Amino acid sequence: HILACDRDAKRFETLNSMISKAGAKCVTTQLADFLEVNPKDHSEVEYILLDPSCSGSGIINRDEHLTGAGTTKESIKRRLRSLSGFQYKILCHALKFPNVRRIVYSTCSVYPEGLACIASLRIVPM
C-alpha cells in the first residue's frame, strides 16, 4: 500500500489525477505536510519515496529562477542552503518511520548542495 502526501492543494489535485489515470488502486492520498505525518501512525510503511523541493537545475530550462535577471550569487547560495536544510529535515523525518526498510531519495539538482543532506547522514546513493 502507498501513502502519498502533498501539502500543496494544486499539486495534490495533480497527484490524484495522475493516480487515477494510472489506475492505481493501492494508493491513499493525503493533503498534508509530510513533516507533520506521525511515523508511529504508519507502522505499515516499509518503503518511502522522497521527492523533496529542489533547485530544479537538473531539468533543462528550469534553473532560470536561480540565474535570471536580478539574481545574485548570494541569493542563489541562500536559496540552495534553504533547500538543503529542508531536504535534510524531510530525510531525517523519513528515517523515523519505525519499520522503514528503504528510502528512495529523488532530486534533480546539479548543485552539490542538492546532495549535501545525504552526505551529512552518510547515506550512499544507489
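Are phenylalanine 34 and phenylalanine 97 buried or exposed? In this predicted model, phenylalanine 34 is buried, and phenylalanine 97 is buried as well.

**Overall layout**

The protein chain contains four helices and four strands. Read from the N terminus, its elements follow the order β-α-β-β-α-α-β-α. Of the contacts with a separation of 6 or more, 74% are between residues 24 or more positions apart. Chain-level values are listed below.

| Property of the protein chain | Value |
|---|---|
| Share of buried residues among the 126 residues | 27% |
| Exposed area | about 8700 Å² |
| Part of the exposed area supplied by carbon and sulfur atoms | 53% |

**The aromatic pair**

One aromatic pair is present in the structure. Its members are phenylalanine 34 and phenylalanine 97, and the pair is stacked, with 5.7 Å centre to centre and 5 degrees between the planes. Phenylalanine 34 sits in the loop between β2 (27-31) and β3 (47-50), while phenylalanine 97 sits in the loop between α3 (73-94) and β4 (102-105), so the pair ties together parts that are 63 residues apart in sequence.

**Surroundings of the pair**

Outside its neighbours within four places in sequence, phenylalanine 34 contacts Leu50, Ile90, His93, Ala94 and Phe97. The largest nonpolar core has ten residues: Phe34, Val37, Val45, Ile48, Leu50, Ile90, Leu91, Ala94, Phe97 and Tyr105. At least two residues of this core come from β3, and at least two from α3. With three residues, α3 provides the largest share. Both members of the aromatic pair thus appear in the list of core residues.

Key
Residues are numbered from 1 along each chain as its sequence is written. This is a predicted model: local features need pLDDT of at least 70, side-chain atom pairs count only at pLDDT 80 or more; totals for chains, interfaces and linings use all residues. Side-chain values use heavy atoms; hydrogens and water are left out. Rings of Phe, Tyr and Trp (its six-membered ring) pair if their centres lie within 6.5 Å; planes under 30 degrees apart count as stacked, over 60 as edge-to-face and the rest as tilted. Buried means under 20% relative accessible area, exposed over 50%, partly exposed in between (1.4 Å probe, protein chains only). Contact means heavy atoms within 4.5 Å. Accessible areas come from the Shrake-Rupley method with a 1.4 Å probe; for residues, only the protein chains shown count as cover. A nonpolar core is a set of buried Ala, Val, Leu, Ile, Met, Phe, Trp, Tyr and Cys residues joined through side-chain atoms within 4.5 Å.
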